[in-house]
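Me: I should like to learn how to read the features of a protein model. May we work through one together?

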Amino acid sequence: MVRAIKYRITGMELIETIDNWEHLINFKVNLIGCGGTALTLLEIKDSTKDIDMIVPVQNEYERLMTFLRSIGYQEKGNGLAHPDDPNFQYQFWTGNRVFTTGLLDSPLEPDKNILIKKWKHIYLGALNLQDLIITKMFRGTQVDLDDCVAAFAASKMNPEALLERYAESAKYDLNPEKMIMNFIIFTEALAEKGLVNKSFLEKAASYK
């Protein structure tokens with residue numbers, strides 16, 4: 001069904017799209033929303049423009065790409081788009097990678113994703129908020145920073161555990177010092193909103 005022309009998609013509309021896929025698909029596939037898509041599915045962010053998903057299992061990824069092209073999705077930029085919804089670009093990442101960041105664990109491991117909906121063939125989850133913040137702050141745009149503050153505020157996340165996991169992830173990046181600086185900027189934004197205390201800000205700064 002063609003939507004009215006607009007440039008952002010809600011979580012409900014995304015679920016409706018995947019529901020349409022479910023009616024046509026004949027194999028099992030795990031989809032894990034990441035980035036702004038995860039925040040939209042978790043109702044932390046109202047809507048998103050680009051749909052980003054991890055397909056952790058390689059053969060599921062390959063079958064999904066073949067399936068989507070068979071129902072009319074076409075190459076657009078770094079992803080796929082359908083002529084009925086040309087404003088929305090779907091990007092799929094495979095394995096443990098999101099954008100340029102390698103996750104420490106598979107998003108299919110226990111507690112590494114949050115179930116959104118499970119159909120007969122399709123499992124849809126959202127990347128857990130700890131890993132979501134890591135992947136977004138590794139990229140580190142202003143939008144990423146704003147999204148990460150919103151994600152932290154919406155959760156009961158342990159900041160100490162987040163710092164430890166972030167620092168461990170940064171070791172595997174080509175520029176770990178820059179990644180740590182991104183996290184310090186994040187903690188400063190949290191502190192401005194009273195979400196972390198001064199001692200945590202000092203602890204994060206000690207990782208420089």
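Me: At roughly what angle do the axes of α7 and helix α8 cross, and within what distance do they come?

Reply: Please keep in mind that this model is predicted. To read a helix pair, one begins with the angle and the distance between the axes. Here the axes of α7 and helix α8, which spans residues 198–205, cross at roughly 170° and come within 9 Å. Angles over 145 degrees count as roughly antiparallel. The two helices α7 and α8 are therefore roughly antiparallel to each other.

Me: Which residues of α7 and α8 meet?

Reply: After the axes, one turns to the residues in contact. From α7 come F183, I184, T187, E188 and A191, and they meet F200, L201, A204 and A205 of α8. By class, this contact of α7 with α8 holds 7 nonpolar residues, 1 polar and 1 charged.

Me: How are helix α4 and helix α7 arranged, in angle and in distance between their axes?

Reply: The reading proceeds by the same steps. Helix α4 covers residues 129–139 and helix α7 covers residues 176–192; they pack at an angle of about 110°, and their axes lie 8 Å apart. That angle makes α4 roughly perpendicular to α7. In this contact, I133, M137 and F138 of α4 meet M179, N182 and F186 of α7. The residues there divide into 5 nonpolar and 1 polar, with no charged residue.

Me: In which sense do strand β10 and strand β11 pair, and over how many bridges?

Reply: For strands, one asks about direction, bridges and the connection. Strand β10 (residues 113–118) pairs with strand β11 (residues 122–127) in the antiparallel sense, over 5 bridges. As one example, K118 has Y123 in β11 as its bridge partner. The connection from β10 to β11 is a hairpin of 3 residues.

Me: How much space lies in the second largest pocket, and how many residues line it?

Reply: A pocket is read through its volume and its lining. The second largest pocket holds about 220 Å³ of space. Its lining consists of 16 residues, and G36, T48, D50, D52 and R139 lie nearest the centre of the pocket.

Me: Which elements give two or more residues to this lining, and how do its residues divide by class?

Reply: The elements that do so are α2 (35–41), β7 (85–94), α4 and α5 (142–154). The largest share of the lining, 3 residues, is that of α5. By class, the lining of this second largest pocket divides into 9 charged, 4 polar and 3 nonpolar residues.

Note on methods
Residues are numbered from 1 along each chain as its sequence is written. This is a predicted model: local features need pLDDT of at least 70, side-chain atom pairs count only at pLDDT 80 or more; totals for chains, interfaces and linings use all residues. Side-chain values use heavy atoms; hydrogens and water are left out. Axes are lines fitted to C-alpha atoms, for helices over the stretch in contact, and angles run from 0 to 180 degrees between N-to-C directions. Helices (H or I, at least four residues) and strands (E, at least two) are DSSP runs, numbered from the N terminus. Angles under 35 degrees count as roughly parallel, over 145 as roughly antiparallel, 65 to 115 as roughly perpendicular and the rest as oblique. Contact means heavy atoms within 4.5 Å. Ala, Val, Leu, Ile, Met, Phe, Trp, Tyr, Cys and Pro count as nonpolar, Asp, Glu, Lys and Arg as charged, and the others, Gly among them, as polar. On a 1 Å grid over the protein atoms alone, a cavity is a set of points where a 1.4 Å probe fits but cannot get out, and a pocket is an open set with protein on both sides within 12 Å along at least five of seven lines; lining residues have an atom within 4 Å of a point. Grid points are joined across faces, edges and corners, and a volume is the space filled by probe spheres set on the points. Two strands pair if DSSP finds at least two bridges between them.
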